Amino acid sequence: MTALIGEATGEVLRDGAGRPVRSQPPRGRTQRSRRVRYALTVAAFLLPSAVPLAMFTLGPMIGAAWISLTEWNLISPATWVGLDNYATLLTDPETGEVFLHTLYYIAGYLPMVYIGGLAIALALNTALRGRTLLRGIYFLPVVTSWIVVALVWRWLLNPANGVVNTVLAFFGIDGPGWWTDPAWAMPSIILASAWKDLGFVMVILLAGLQAIDPELLDAARVDGAGWWRRLFSVILPLLSPATFFVIVISLINGFQVFDQVYAMTGGGPGGATQVVVQQIYDLTFRYGQAGEASALSWMLFAVILAVTLIQIRGQRRWVNYG
Amino acid sequence: MRNTALAGVGIVAAAALALTGCAAGDQSSDEAEGPVTITYSNFISNGGNEENLQAIVDAFEEEHPDITVEVTTLPYADYGTALQTDLAAGTVSDVFDIEYANFAQYQANGALAELSPEDSGAYRASVLEAYQADGAQYALPSSFSTVVLFYNSDLFEAAGVETPTGDWTWAEELAAAEELTDEGAGIWGDHQPVSFYEYYKVLAQNGGEFLNADGTAVAFNTPEGVEAAEWLVEKSGTVMPSIEDGQGTPDFDTNLFLDGKLAMLHTGIWMFGAFADVPFGWDIAVEPGNAQQASALFSNAVGVSAGSEHQEAAARFAEFLTSSDVMVQTRLDAGWELPAISDEAALDSYLTLGDPANRQAVFDSLEQVALPPVVAQGQQEMQDIMTEELVEAQAGRKTVQEALDSAEERINAAIGG
């Protein structure tokens with residue numbers, strides 16, 4: 001949510017700040033002072049978000065870039081090693097593994113959270129009784145701390161006496177080892193993550209659904225289109241901007257998956273859920289290899305940037321802004 | 001959008017702290033003769049001994065009215081991370097806890113100031129020497145503790161099994177565990193964690209060595225090492241709960257013992273206080289060995305930060321905290337971990353403090369101890385890899401031999417670098 005608002009205001013203000021000052025040369029004295037006043041106004045509006053952004057995001061990013069060129073165990077002074085950390089990472093098979101684990105997570109998480117969120121949004125977009133309450137309930141997990149959610153899910157999925165396996169046993173099914181079994185640990189995390197983020201996706205898609213002109217759906221109905229036909233031929237194309245936003249945000253969050261892994265499995269069992277950010281954390285705070293960890297952070301940044309740029313390029317083909 | 005790429009990444013915090021840390025280090029306060037405030041961060045008092053630590057601090061402040069000590073207490077699990085971050089940021093406390101396994105690393109990296117205690121004879125020499133490097137003292141031992149075999153004597157009596165003695169070997173422990181395990185009643189015979197810290201010790205009990213002579217490579221992949229690992233992992237699922245039962249989750253074993261559902265438990269003497277009020281009879285014995293006896297010796301110490309502005313006051317507090325009579329009495333009264341002092345007579349009262357009755361076993365266990373293997377770099381990685389591979393074998397995803405092969409290769413890569 002905050003990301004959405006931050007993005008929107010950032011974009012508008014940047015346009016407002018950039019265009020007039022740069023593209024037109026100043027003509028007269030009054031115009032110049034008006035221009036200065038305008039620039040100052042813009043700067044004043046930008047300041048509250050620009051200052052923390054520079055201090056807590058941009059600054060540390062630059063700091064991390066410098067650290068990534070050093071060998072630093074957090075205790076003794078850092079020593080310059082140039083691009084050694086990047087070379088080590090690129091030749092270490094573990095780097096590929098942690099990226100693969102992250103992709104596995106995204107491949108399970110993204111379809112689940114999108115289809116689930118869409119289903120709930122469609123259901124709550126009808127004249128259902130108590131839908132306002134239900135919208136609130138579905139959004140609750142989004143605003144709940146990941147640590148709390150992870151502990152609850154660990155308990156639900158406890159292989160020995162968890163609720164899920166107890167219910168499965170009632171139906172004669174021998175439930176899996178969930179987070180103690182390497183084959184089921186990532187599905188457990190995916191399940192918990194999709195459950196938590198469902199509400200966020202639902203809200204975005206619901207907003208998109210409500211922007212669809214009901215007359216279009218009426219017209220389709222008159223033309224004899226059934227529910228599925230209306231969904232695929234009218235609703236989904238008109239929903240594509242919201243879908244695009246959800247996918248971009250979910251992919252970025254997916255690459256950065258950490259809290260739930262840290263709290264549910266810590267990367268285990270046997271390294272089966274060791275994702276990129278968990279690896280960055282372990283390298284820095286467990287193994288005292290802050291340089292290598294910073295290099296991995298920048299590699300992750302490059303991957304996310306590339307994936308996002310590809311999506312922005314590709315959206316022309318399928319996103320319909322009406 | 002791309003700015004969020006690094007959000008949530010630990011390194012951001014580290015970098016941010018590094019930036020602010022430079023600033024914090026620059027503001028040098030000129031040390032006046034007047035009152036000073038020193039900071040002390042610890043994990044030793046966490047989980048029940050906070051008030052006991054405060055009593056020692058109060059006594060110190062009374063003796064040194066010009067020194068105020070600000071105490072920060074963190075759980076053991078978070079302490080290492082917090083300490084590293086503080087060292088990186090230059091915001092480390094004047095006095096801080098370290099444990100033996102990490103001492104070498106902090107000393108080698110120059111985090112610790114040299115100390116010269118006024119009365120070094122007050123300390124148990126062998127423990128004091130563990131914190132020396134190049135002939136100089138870099139930390140003062142605050143306590144030591146050993147791991148012993150705890151047992152629920154009511155369960156032994158009900159099953160008609162002889163209770164453990166200091167002469168037991170693995171075979172006797174296993175035989176008793178098999179008789180005591182009663183799955184129908186939810187009673188388990190034994191519990192021993194599957195981890196690095198247990199493995200290096202059972203390896204020593206079996207006559208093996210974890211590292212080679214110069215500490216550059218592992219030496220556990222031998223028949224003795226395999227047998228030791230088998231002893232550790234094969235109890236699981238037979239006489240000890242399996243991972244599916246919840247084994248390996250925090251406090252699982254001690255809670256099982258507290259519930260009266262565990263007959264034997266391998267854990268440290270720091271649990272005496274927690275077990276004081278259980279409604280069943282319990283006692284301890286020196287851990288059974290195989291080829292020989294070997295008990296795990298853990299020791300905590302306090303160091304003074306090399307960057308501290310108040311070295312003098314900090315050193316005085318460190319010495320008080322580790323050797324004063326107030327500390328000895330407080331620790332003994334509370335059943336806290338044993339002070340590392342040389343005065344055996346002062347420790348005599350420890351023997352008659354109540355449960356467990358066989359407190360003599362604590363001193364007996366000191367006769368043959370196994371210190372954790374220490375490497376100059378990759379200590380934590382070595383420990384993590386060993387635990388991970390042993391758990392793979394415990395879960396049956398690898399054979400013991402496969403797990404040790406893999407551990408050997410990975411640890412050698414991590415410490416050899």
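A crossing of two helices is called left-handed if the near helix is turned anticlockwise from the far one by less than a right angle, and right-handed if clockwise. Keep that in mind for the second stop.

Before you click: this is a predicted model, where local features need pLDDT of at least 70, side-chain atom pairs count only at pLDDT 80 or more, and totals for chains, interfaces and linings use all residues. Residues are numbered from 1 along each chain as its sequence is written, while chains are lettered from A and ligands numbered from 1 in the order in which they are written.

**Stop 1: chain B.** Select the whole chain and you have 16 helices and 10 strands (DSSP runs, H or I of at least four residues for helices and E of at least two for strands, numbered from the N terminus).

**Stop 2: H9 and H16.** Now select residues 223-233 and 400-416 of chain B; the axes of these helices come within 10 Å and cross at roughly 115 degrees (lines fitted to C-alpha atoms over the stretch in contact, with angles from 0 to 180 degrees between N-to-C directions). Their crossing is right-handed. Among the residues making the contact (C-beta atoms, placed from the backbone, within 7 Å) are Val226(B) and Leu404(B).

**Stop 3: H8.** Move to residues 196-205 of chain B: nine of the 10 are buried, so helix H8 is largely enclosed by the rest of the structure (buried means 20 or more other C-beta atoms, placed from the backbone, within 10 Å of a residue's own). Phe196(B) and Tyr200(B) are among the buried ones. What do the buried residues of H8(B) pack against? Show H9, strand E9, strand E10 and helix H15 of chain B to see the partners.

Technical notes
Two residues are in contact if their C-beta atoms, placed from the backbone, lie within 7 Å. A residue is buried if 20 or more other C-beta atoms lie within 10 Å of its own, exposed if 12 or fewer, and partly exposed in between; C-beta atoms are placed from the backbone.
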